[in-house]
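Thanks for sharing this one with me. My notes follow as numbered points, to be read with the structure open beside them.

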Amino acid sequence: MPKMGESITEGTIINWLVSEGEAFEEGDIILEVATDKVDNEVPAPASGTLVKTFFLAKDVVPVGEVMAILEVSDEMKSSKNDTVIQSDNEESQKKKSFKKKRPVTSNAVEMSQSNSFSVNNTNTFFSPLIISIAKEQHISFEELARIPATGKEGRLRKSDVFQYIEDGRPYKFAQSVMQDPTAYRIPQLTFEKGKGKIVEMDRMRQMIADHMVYSKHISPHVTAYVEADLTNMVNWRNANKKAFQEKYGERLTFTPLFVEAVAKAVKDFPNINASVDGTNIIVKEDINIGMATALPSGNLIVPVVKNADTKDLKQLAKNVNELANKARENKLSGDDIKGSTFTISNVGTFGSVMGTPIINQPEVAILALGIIKKRPEVIESENGDEIAIRSMMYLSLSFDHRVVDGFLGGSFVRRVADYFEQFDTKRKI
């Protein structure tokens, strides 16, 4: 039993994914282990065969206890034929080329030629190792689902993915086959792409593209809209921005005011500050607000204001300005863009009235803020209804309908709008 944390002394076997006598490849997941903190997958340290297991599912095993005996393959075999499973749960195994190459099946060739497919892999749970390989090779989750899986319970193994790559990725451009003959079929059209300058995507653009496609594939997006009157906030900011900079040496943009209000709303509705792990929902303790930011290259990145709910306006302005400056100068570090739990995208910066943002995985919601625009609005006063010029904004919240229902999504975005509208004009800096 591997040690999976400083304070972990034992683990519970969830499931054996390889049976006695079954062969496996290096990096394949041998079994799943649960601790009191997290579920873990134990990968094979080398290619070989599972000789014998000493514990069953649901058994509690002390750290360091022998759980099974493996017989490693000839190319990996050392002086000992039987090796105890040992793993530090890190997926740093290097990819190896296959010495034997299976021919592409006629079925795969036919599917590739017809540009259609049926899902071969009914188990759509992929291990972190498989996901890591897929990201490196720019293989979408839709394409992963087409790869024939040879693992237990329909699991996709590392060897399956590498063999698929060696076979030339026959399902790369395939489209699904409609089972119902009366159903609508996607027409097989050939589009004239036209002529012009060809610009190859840089690495970051490819990563963004993969991230966006994955997000739309994994999360059923729903978008809720509200309108907010920002007149009080706009007037206060315009009246105090000069004094704020003189006092604290920081520019007072709208962004820290937005981050402050969003963090307060997240505290009111903590389930919006979550991520999905299989059938579990992880409600985050920290409130880290990501800010979608354009880089000089035109690419998008999300620097993060950590623990936004614990900071005052001065600290928020300082963090926002530092992150914005780093983004403009391409000096953001890895820590600057990690750990966001909720993201905002200020599409109004580019003049957009509103937007329908794509969720920043693994989060479950993202808020787009439109342009602040003066409009004549009907307001209530002591004299009854009147028409006045007000600073208005549209807010749009895209949320993952797997875990966020309309009530939560609508209530949250309305609460953000309420904080905008109820801004204290007598607030001191």
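1. Let me begin with a small charged cluster: Glu227, Arg375 and Glu377 are joined in a network of salt bridges. Within it, the side chains of Arg375 and Glu377 come together at 3.2 Å, N to O. Please keep in mind throughout that this is a predicted model.

2. The network belongs to a wider set, since the structure holds 12 salt bridges. Another of them pairs the side chains of Lys326 and Asp336, with an N to O distance of 3.2 Å. Lys326 sits in helix α8 (residues 313–328) and Asp336 in the loop between α8 and β18 (342–345), so this pair ties together parts that are 10 residues apart in sequence.

3. Are the two partners of that bridge buried or exposed, or something in between? Lys326 has a relative accessibility of 32% and therefore counts as partly exposed. Asp336, with a relative accessible area of 12%, is buried, because the cut-off for buried is under 20%.

4. Further along the chain, Arg414 forms a salt bridge with Glu421, and their closest N and O atoms are 3.4 Å apart. Here Arg414 is partly exposed, at a relative accessible area of 30%, and Glu421 is partly exposed too, at 28% relative accessibility.

5. A record deserves a look beside the model. The unreviewed UniProt entry lists residues 306–333 as "coiled-coil region". In the model, the chain over residues 306–333 is 57% helix and 0% strand, and the end C-alpha atoms of this stretch are 14 Å apart. Lys326, from the bridge to Asp336, is in helix α8 (residues 313–328).

6. Helix α7 (residues 254–268) passes a simple check of its length. At 1.5 Å a residue, its 15 residues should span 21 Å, and the end C-alpha atoms are 22 Å apart, which agrees. At the N-terminal end of α7, Thr253 acts as a cap: one of its side-chain oxygens lies 3.4 Å from the backbone nitrogen of Thr255.

7. How many of the residues of α7 are buried? The count is 11 of 15, so the helix is mostly covered, buried being under 20% relative accessible area. Among the buried residues are Phe254, Leu257, Phe258, Val262 and Val266, and Glu260 is on the list as well.

8. Just before α7 in the numbering, you may like to look at Lys241, which lies in helix α6 (residues 231–248). Lys241 is partly exposed, with a relative accessible area of 35%. Lys241 and Arg251 are 10 residues apart in sequence, and their C-alpha atoms are 7.0 Å apart in space.

9. Ser219 is found in the loop between α5 (203–218) and β11 (221–229). Which residues does Ser219 touch, leaving aside those up to four places away in sequence? They are Ile359, Gln361, Asp400 and Arg402. Ser219 counts as buried, at 2% relative accessibility.

10. Finally, the chain as a whole. There are nine helices and 21 strands, and 41% of the 429 residues count as buried. Of the contacts with a separation of 6 or more, 63% are between residues 24 or more positions apart. The accessible surface comes to about 24,100 Å², with 51% of that belonging to carbon and sulfur atoms.

Note on methods:
Residues numbered from 1 in each chain as written. Predicted model: local features only at pLDDT ≥ 70, side-chain atom pairs only at ≥ 80, totals over all residues. Heavy atoms only, no water. Helix = DSSP H or I, 4+ residues; strand = E, 2+ residues; numbered from the N terminus. Buried < 20%, exposed > 50% of the residue type's maximum accessible area, 1.4 Å probe, protein only. Expected span 1.5 Å × (residues − 1). Polar contact = N/O pair within 3.5 Å; in protein donor to acceptor, adjacent residues only side chain to side chain. Contact = heavy atoms within 4.5 Å. Areas by Shrake-Rupley, 256 points an atom, 1.4 Å probe, with all protein chains shown as cover. UniProt positions renumbered as here; feature names shortened; annotations may be inferred. Salt bridge = Lys/Arg side-chain N within 4 Å of Asp/Glu carboxyl O.
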